[in-house]
Amino acid sequence: SYNFGTFENQPNGTEIGTVSASDLDEPPYNSFLYSLDETQGDIDIFQINKITGRITTKRVLDREHQSAYYLVVIAKDNAYPHPSSTASVTIYVADRNDNAPMILHPNHDNHTVQLSFFSPKGHTFYKIVARDADLGSNARLTFSFGKGNYDDAFDIDPTTGVISVKGDLQTINADLYHLLIVVNNGCSTTT
């Protein structure tokens with residue numbers, strides 16, 4: 001069996017790996033033709049060079065759609081009676097930071113929070129809910145204010161998205177804040 005890996009979003013024709021076969025016969029009885037078993041695996045996504053055993057992609061792979069693919073390769077002897085053998089191939093697709101964060105809450109239907117002027121400093125009153133379809137460090141989100149945090153009235157935890165009171169709301173002369181929240185995953189930003 002073979003295990004190969006590649007990154008997602010590579011162009012068509014990206015090399016995945018090469019399988020090889022051998023036997024104890026002497027030339028010309030030790031050459032093979034490679035093919036993919038059409039009854040098993042993802043043959044519409046990959047192709048194999050029948051002479052070299054080199055496997056390449058036929059389309060762009062997306063890890064968020066499918067993270068692993070399975071093939072069965074057939075190595076068939078060129079000489080009569082054409083004995084053959086098979087090998088299983090697993091192809092793992094690694095993540096790239098190709099998805100922007102999605103803010104789930106607040107949303108267009110629910111984006112208002114009421115807060116008392118008497119809320120003390122440090123009082124937490126809201127949590128931004130966001131997610132990213134990528135994996136690991138590619139899905140690590142950071143939260144910040146874009147604009148609207150006049151008088152430095154509020155604080156946002158950059159790792160959790162929790163918003164708290166930072167200033168003395170009783171002394172701030174504002175009845176309404178329009179806070180722009182920025183969520184960043186190191187590659188893409190959503191507001």
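Is Arg 63 buried or exposed? Arg 63 is buried, at a relative accessible area of 11%. The close-ups below come from a predicted model.

**View 1. Arg 63 and Glu 64 form a salt bridge.**
The closest N and O atoms of the two residues are 3.0 Å apart. Arg 63 falls under the 20% limit for buried residues, because its relative accessible area is 11%. Glu 64 is partly exposed, with a value of 26%. Asp 95 joins Arg 63 and Glu 64 in a network of salt bridges. The structure holds 4 salt bridges.

**View 2. A salt bridge connects Arg 54 and Glu 15.**
The side chains meet at 3.1 Å, N to O. This pair links distant parts of the chain. Arg 54 belongs to strand 5, and Glu 15 belongs to strand 2. The two residues are 39 residues apart. Arg 54 is partly exposed, at 35% relative accessibility. Glu 15 is also partly exposed, with a relative accessible area of 41%.

**View 3. Lys 166 pairs with Asp 152 in a salt bridge.**
Their closest N and O atoms are 2.9 Å apart. Lys 166 sits in the loop between strand 13 (162–165) and strand 14 (180–184). Asp 152 sits in the loop between strand 11 (142–147) and strand 12 (154–156). The pair therefore ties together parts that are 14 residues apart in sequence. Lys 166 is partly exposed, with a relative accessible area of 40%. Asp 152 is partly exposed as well, and its relative accessible area is 40%.

**View 4. Strands 2, 5 and 4 make an open sheet.**
The sheet has 3 strands in the order 2-5-4, with antiparallel pairing. Strand 2 (15–18) and strand 4 (46–48) are the edge strands. Each of these edge strands pairs on one side only. Neighbouring strands of this sheet are turned by 20 degrees against each other on average, direction ignored. Strand 4 is joined to strand 5 (residues 54–57) by 3 bridges. These two strands run antiparallel. Ile 48 stands opposite Ile 55 in strand 5.

**View 5. Strand 7 pairs with strand 1 and with strand 6.**
Strand 1 (residues 2–7) runs parallel to strand 7, and 6 bridges join them. Gly 5 stands opposite Tyr 92 in strand 7. Strand 6 (residues 68–77) runs antiparallel to strand 7, and 9 bridges join this pair. Thr 86 in strand 7 is the bridge partner of Ile 74. Strand 6 and strand 7 form a hairpin with 6 residues between the strands. In this hairpin, His 82 takes a positive phi near 60 degrees.

**View 6. Thr 90 is a buried residue of strand 7.**
Strand 7 covers residues 84–94. Thr 90 counts as buried because its relative accessible area is 12%, and buried means under 20%. Which residues does Thr 90 touch, not counting those up to four places away in sequence? They are Tyr 2, Asn 3, Phe 4, Tyr 69 and Tyr 70. Side chains in a regular strand alternate between the two faces of the sheet.

**View 7. Met 102, Leu 104 and Val 129 make a nonpolar surface patch.**
The patch measures about 230 Å². Leu 104 lies in strand 8 (residues 102–105). At 41% relative accessibility, Leu 104 is partly exposed.

**View 8. Ser 22 is exposed in a loop.**
The loop runs between strand 2 and strand 3 (32–41). Ser 22 has a relative accessible area of 68%. Exposed means over 50%, so Ser 22 qualifies. How far apart in space are Ser 22 and Phe 32, C-alpha to C-alpha? The distance is 8.3 Å, and the two are 10 residues apart in sequence.

Note on methods: Residues are numbered from 1 along each chain as its sequence is written. This is a predicted model: local features need pLDDT of at least 70, side-chain atom pairs count only at pLDDT 80 or more; totals for chains, interfaces and linings use all residues. Side-chain values use heavy atoms; hydrogens and water are left out. Helices (H or I, at least four residues) and strands (E, at least two) are DSSP runs, numbered from the N terminus. Buried means under 20% relative accessible area, exposed over 50%, partly exposed in between (1.4 Å probe, protein chains only). Contact means heavy atoms within 4.5 Å. Two strands pair if DSSP finds at least two bridges between them. Axes are lines fitted to C-alpha atoms, for helices over the stretch in contact, and angles run from 0 to 180 degrees between N-to-C directions. Patches are made of residues with over 30% relative accessible area and no salt bridge: like charges are joined within 9 Å, nonpolar side chains (Val, Leu, Ile, Met, Phe, Trp, Tyr) within 5 Å. Accessible areas come from the Shrake-Rupley method with a 1.4 Å probe; for residues, only the protein chains shown count as cover.
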